[in-house]
Amino acid sequence: MAVKGVSKVNRNIHRITNEIANIRTQRIIQQVMIVGMSFVAPLTPIDTSNLINSQYRELKPIPKGWVGRVGYTANYAAFVNSAKAKLRGKPRTGKKSKGNYWSPNAEPDFIKKGFERDGKDVIQQVIRESYKI
């Protein structure tokens, strides 16, 4: 006795694996970048808001999938991210300077901390929930 519906099952498996490998993965990476940057923002030093407003995210195809990239386009972003924050909370000096050197919640290495420390659990939950079939 022949089994019916095998070709339909094969088509559906192929369709679902393609969806997971392409469309769903693109959406998940976008969600991870958005969620991660929402945890990075409160840790980002804010003086003139130029740095925080220069946030970007980019999704690119690579031969074996997709890669997401986030960061800041301000020319001093890398310097601020890697700074030691020795002056955190200290008032600025100078005629045009106002406020403190670092925002009260800002931390050095804020991009990594936002994704890997503060947002880690939420990001993992987004990935788990999004890949459910």
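These are my notebook entries on a pocket, the salt bridges and a strand pairing in a predicted model.

**Entry 1: the hairpin**

I began with the strands. Strand β1 covers residues 55-62 and strand β2 covers residues 65-72. I noted that β1 and β2 run antiparallel and are joined by eight bridges. The two strands form a hairpin, with two residues between them. I then looked up one position in the pairing: K60 has V67 as its bridge partner in β2.

**Entry 2: a salt bridge at K60**

I stayed with K60 and looked up its side chain. K60 forms a salt bridge with E58, and the closest N and O atoms are 3.9 Å apart. I recorded that this pair counts because the cut-off for such a contact is 4 Å. Next I asked how accessible each partner is. E58 has a relative accessible area of 26% and is partly exposed. K60 is also partly exposed, at 42% relative accessibility.

**Entry 3: the salt bridges of E107**

I searched the whole structure and found six salt bridges. Which residues are linked with E107 in a network of salt bridges? They are K113, R117 and D118.

I looked up two of the contacts of E107. In the salt bridge between K113 and E107, the closest N and O atoms are 3.2 Å apart. In the salt bridge between E107 and R117, the corresponding separation is 3.1 Å. The pair E107 and R117 links distant parts of the chain, ten residues apart. E107 lies in the loop between α2 (77-82) and α3 (110-118), whereas R117 belongs to helix α3.

Is E107 buried or exposed? I found a relative accessible area of 18% for E107. E107 therefore counts as buried, because the limit for that class is under 20%. Its partners fall in another class: K113 is partly exposed, with a relative accessible area of 23%, and R117 is partly exposed at 43%.

**Entry 4: the largest pocket**

I turned last to the open space in the model. The largest pocket holds about 350 Å³ of space. How many residues line the largest pocket? I counted 17 lining residues. Those nearest the centre of the pocket are P45, V80, R92, Y101 and W102.

I also sorted the lining by residue class. Eleven of the lining residues are nonpolar, three are polar and three are charged.

Terms used: Residues are numbered from 1 along each chain as its sequence is written. This is a predicted model: local features need pLDDT of at least 70, side-chain atom pairs count only at pLDDT 80 or more; totals for chains, interfaces and linings use all residues. Side-chain values use heavy atoms; hydrogens and water are left out. On a 1 Å grid over the protein atoms alone, a cavity is a set of points where a 1.4 Å probe fits but cannot get out, and a pocket is an open set with protein on both sides within 12 Å along at least five of seven lines; lining residues have an atom within 4 Å of a point. Grid points are joined across faces, edges and corners, and a volume is the space filled by probe spheres set on the points. Ala, Val, Leu, Ile, Met, Phe, Trp, Tyr, Cys and Pro count as nonpolar, Asp, Glu, Lys and Arg as charged, and the others, Gly among them, as polar. Buried means under 20% relative accessible area, exposed over 50%, partly exposed in between (1.4 Å probe, protein chains only). Helices (H or I, at least four residues) and strands (E, at least two) are DSSP runs, numbered from the N terminus. Two strands pair if DSSP finds at least two bridges between them.
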